[in-house]
Amino acid sequence: MTQFETQSTSPDGRYRIEAAPWEAGNSHWVYPPRIVDAVSGACLFEFQDQRWSLDRAAWLSDTQVELMLRKYPGQLTGQGIRVWFDCAGRIARCGEGAGVELADLERALERPCLWVTENHRLPAIRSAEPRSSHGRMLGLSG
């Protein structure tokens, strides 16, 4: 059974960002995220390809969160992809692009034009740096 760890919780506690970390190589941990509605227990979004990894989560409101994601190995997505999620509306936006249904997000993220090529940081809004049970701080270095 997959063991998920809570990485971040919305300010009102309704939504959780969870990950099931796995070791891709010697000390190379990948954190495939999923978004869960803590009230209903429903999984709102989860990657099919477990190489997607959460670097950082920043809650912008009770229902909106920005995630910085990378795909292992790191050279596939550069320094990452910034994705904005509207948990209540069940949509996401990649960078400055148009919103997509959560069911279509993974396919949309495969477009290289979305990948960050310079060091972008998410604002530290209402969110502490999450830590995993493996002691890795989930945040961008630099």
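The dialogue below asks how the terms used for this predicted model follow from their definitions.

Tutor: This is a predicted model, in which local features need pLDDT of at least 70, side-chain atom pairs count only at pLDDT 80 or more, and totals for chains, interfaces and linings use all residues. Residues are numbered from 1 along each chain as its sequence is written, and side-chain values use heavy atoms, with hydrogens and water left out.

Student: What is the mean pLDDT of the protein, and where does pLDDT stay under 50?

Tutor: The predictor's confidence in each residue, pLDDT, runs from 0 to 100, and its mean here is 80, with 73% of the residues reaching 70 or more. Over residues 114-142, however, pLDDT stays under 50. Where pLDDT is low, the predicted coordinates should not be read in detail.

Student: Why is Glu18 called buried?

Tutor: Buried means under 20% relative accessible area, exposed means over 50%, and partly exposed lies in between, with a 1.4 Å probe and protein chains only. Glu18 has 6% relative accessibility, so Glu18 counts as buried. Arg34, with a relative accessible area of 18%, is therefore buried as well, whereas Arg16, with 25%, is partly exposed.

Student: What makes the contact of Glu18 with Arg16 a salt bridge?

Tutor: A salt bridge needs a side-chain nitrogen of Lys or Arg within 4 Å of a carboxyl oxygen of Asp or Glu. The side chains of Glu18 and Arg16 meet at 2.9 Å, N to O, and those of Arg34 and Glu18 meet at 2.8 Å, N to O, so both pairs satisfy that definition. Arg34 lies in strand β5 and Glu18 in strand β2, so their pair ties together parts that are 16 residues apart in sequence.

Student: How do you know that β2 and β5 are paired strands?

Tutor: Strands (E, at least two residues) and helices (H or I, at least four) are DSSP runs, numbered from the N terminus, and two strands pair if DSSP finds at least two bridges between them. Strand β2 (residues 15-19) and strand β5 (residues 33-37) share five bridges in the antiparallel sense, so they meet the definition of a pair. Within this pairing, Tyr15 stands opposite Asp37 in β5. Strand β1 (residues 5-9) is also joined to β2, by four bridges and running antiparallel.

Student: Why are β7 and β11 said to stand at the edges of their sheet?

Tutor: The open sheet has five strands in the order β7-β8-β9-β10-β11, with antiparallel pairing. β7 (52-59) and β11 (99-101) each have a single partner strand, so one side of each is left without a neighbour in the sheet. For β11, three bridges make the join to strand β10 (residues 91-94), and there Arg93 stands opposite Gly99.

Student: What makes the pair of Arg107 and Asp104 a link within one helix?

Tutor: Both residues lie in helix α1, three residues apart, which is about one turn of the helix, and their side chains meet in a salt bridge at 2.8 Å, N to O. Arg107 has 61% relative accessibility and therefore counts as exposed, whereas Asp104, at 33%, counts as partly exposed.

Student: How many disulfides does the structure hold?

Tutor: A disulfide is a pair of cysteine sulfur atoms within 2.5 Å, and the structure holds zero disulfides. Among its cysteines, Cys94 has 4% relative accessibility and so counts as buried, while Cys43, at 37%, counts as partly exposed.

Key. Contact = heavy atoms within 4.5 Å.
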